[in-house]
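Dear colleague,

I am handing over the structure below, together with some notes for a reader who is coming to it new. Please have it open while you go through them.

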2 protein chains.
Amino acid sequence: MTQHLKTSSAEAPISIYSNGMKIYRQGDPSGSLYSVQFGCVLLARVTYGGNRQVGGFFFPNDVFGWESETEHCFSAEAAGTTGIRVFAPARDPNSTEWRHKQLLPSLTRLREQLLIVSLGTADARLAAFLCDLVERNRNDLLVLPMHRLDIAAYLGISPETVSRVLRRFKDAGLVSVPSTHYIKVLNLPALQQIQ
Amino acid sequence: MTQHLKTSSAEAPISIYSNGMKIYRQGDPSGSLYSVQFGCVLLARVTYGGNRQVGGFFFPNDVFGWESETEHCFSAEAAGTTGIRVFAPARDPNSTEWRHKQLLPSLTRLREQLLIVSLGTADARLAAFLCDLVERNRNDLLVLPMHRLDIAAYLGISPETVSRVLRRFKDAGLVSVPSTHYIKVLNLPALQQIQ
DNA sequence: CGCCAGATTGAGTAAAGTCAAATCCAGTGG
DNA sequence: CCACTGGATTTGACTTTACTCAATCTGGCG
């Protein structure tokens, strides 16, 4: 199912994953880094109580796979057909340099996520989530290959609430939803002001 | 009061801040790192809507001050009397090495925070918060010099709810609260299972 | 064309927010 | 040392929000 494509240069090869496949699993040895080429990846883990938690979504040019331990504490799953470039654990200093360059933006990104999720209302969270995606995509038309359940787990709300809030946004003319996995943001300023 | 960190650079001096003082402000130039020696530091910022958001708490041996931009996007405030060691922007490679060692744990820490805040109920969030602190402190007696308002902002709930949940925990014998800024965890396993 | 998982909608319930009042505490000054 | 005082915290009553559970709808796929 996984294909390896050679790129023109000496860069790392691209692996292609289909919807739902795991790039790595919770407990797998860590060390490699992964860069999304196309599609979407989500980090997920299961709590002791059996609940699914989603730790983040990654889109093209995002880098994931960081761990401070020797094991991954999340699984990484492809949402929709997804291309990944793998960077094996670094040995030469040039590669180390590259890794460090990627790390600080990841930290900033995580901080943004934290603030989205700590917002008071479901409306504010979903609005902030959509605004964040528009900014990262530089495009009003969002492709969301993941399930509503994953968005809900990520935002810390129920999937039914995601549905209802999205409907409210539609009725208010803030977004349009041409199909399940596409959302077009029609009024970004209004979305940004929701709290 | 003077401790030696395992770093090749000359020992940095300790600055002492009193309750509520700012170590740096939102918008200040970034670059230096800060290590908490005693007390507690919190990161805070104000949204466009005027709401206060708390990005994290830092206790002894925690390092903060990371930015991927040239400006701080949070303010850092002392909660209670707090000692800080400042590490100026690195120039020698040894110091760079030290900085990178600190960075990955910060990322992991942030990920834990994200999962605490994305929990469904206020009880689960406060319980996870307390468990996290016990683990970091290696001590059942928690010192929480920050205001309830800051804990509430951090957890994404109202201060009244923090109070009420804490009372429920007290009544259930899970914690005792000898005074406002001290919480003793009496039944950690039970707290860990709340969700 | 029918099937099934995912998504949406609806109704009732539980949880958390808001606003207001009461209480507690730390810091101040007598 | 102790009373005073203003801000912080807690408690109470009520309202709003979001969750739960169940039913319905939709779209992709054999």
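What follows describes the two DNA strands and the protein around them, and then a few separate places in the chains.

Please keep in mind throughout that this is a predicted model.

I begin with DNA strand C, which is surrounded by 17 residues, and the closest of these are A:Ser163, A:Arg167, B:Ala122, B:Thr161 and B:Arg164. Of the atoms of DNA strand C that come within 4 Å of the protein, 63% belong to sugar and phosphate. Two side chains of chain B can be named for their approach to the phosphates: a polar side-chain atom of B:Thr161 lies 2.3 Å from a phosphate oxygen of DNA strand C, and a polar side-chain atom of B:Ser158 lies 3.0 Å from a phosphate oxygen of that strand. A base is approached as well, since A:Arg164 has a polar side-chain atom that lies 3.0 Å from a base nitrogen of DNA strand C. Two or more residues of the surface near DNA strand C are given by each of these elements: helix H3 (148–155) and helix H4 (159–171) of chain A, and helix H2 (122–137) and helix H4 (159–171) of chain B. The largest share, four residues, comes from H4(A). By type, the residues of this surface near DNA strand C divide into three nonpolar, seven polar and seven charged.

Turning to DNA strand D, there are 17 residues around it, of which A:Ala122, A:Thr161, A:Arg164, B:Ser163 and B:Arg167 come nearest. Sugar and phosphate make up 67% of the atoms of DNA strand D that come within 4 Å of the protein. Three side chains can be listed for their distances to bases of this strand:

- A:Arg164 places a polar side-chain atom 2.9 Å from a base oxygen of DNA strand D.
- A:Glu160 has a polar side-chain atom 3.1 Å from a base nitrogen of DNA strand D.
- B:Arg164 has a polar side-chain atom 3.1 Å from a base nitrogen of DNA strand D.

At least two residues of the surface near DNA strand D are supplied by each of helix H2 (122–137) and H4 of chain A, and by each of helix H3 (148–155) and H4 of chain B. H4(B) gives the most to this surface, with four residues, and the residues near DNA strand D divide into three nonpolar, seven polar and seven charged.

I now come to places described without reference to the DNA. In chain A, a nonpolar patch on the surface is formed by A:Leu141, A:Val143 and A:Tyr182, which together have about 230 Å² of accessible area. A:Leu141 sits in strand E8 (residues 141–143) of chain A, and A:Leu141 counts as partly exposed because its relative accessibility is 35%.

Also in chain A, A:Gly20 is found in the loop between strand E2 (14–17) and strand E3 (22–24). With a relative accessibility of 41%, A:Gly20 counts as partly exposed. The C-alpha atoms of A:Gly20 and A:Val41 are separated by 9.3 Å, while the two residues are 21 residues apart along the chain.

In chain B, is B:Gln37 buried or exposed? B:Gln37, which belongs to strand E3 (residues 33–46) of chain B, counts as buried because its relative accessibility is 8%, which is under the 20% cut-off. The side chain of B:Gln37 makes a polar contact with the side chain of B:Ser35, at 3.1 Å.

With kind regards

Technical notes:
Residues are numbered from 1 along each chain as its sequence is written. Chains are lettered from A and ligands numbered from 1 in the order in which they are written. This is a predicted model: local features need pLDDT of at least 70, side-chain atom pairs count only at pLDDT 80 or more; totals for chains, interfaces and linings use all residues. Side-chain values use heavy atoms; hydrogens and water are left out. Patches are made of residues with over 30% relative accessible area and no salt bridge: like charges are joined within 9 Å, nonpolar side chains (Val, Leu, Ile, Met, Phe, Trp, Tyr) within 5 Å. Accessible areas come from the Shrake-Rupley method with a 1.4 Å probe; for residues, only the protein chains shown count as cover. A salt bridge is a side-chain nitrogen of Lys or Arg within 4 Å of a carboxyl oxygen of Asp or Glu. Buried means under 20% relative accessible area, exposed over 50%, partly exposed in between (1.4 Å probe, protein chains only). A residue is near a molecule or strand if one of its heavy atoms lies within 4 Å of it. A polar contact is a pair of N or O atoms within 3.5 Å; within protein, one must be able to donate a hydrogen and the other to accept it, and residues adjacent in sequence count only if both atoms are side-chain atoms. Ala, Val, Leu, Ile, Met, Phe, Trp, Tyr, Cys and Pro count as nonpolar, Asp, Glu, Lys and Arg as charged, and the others, Gly among them, as polar.
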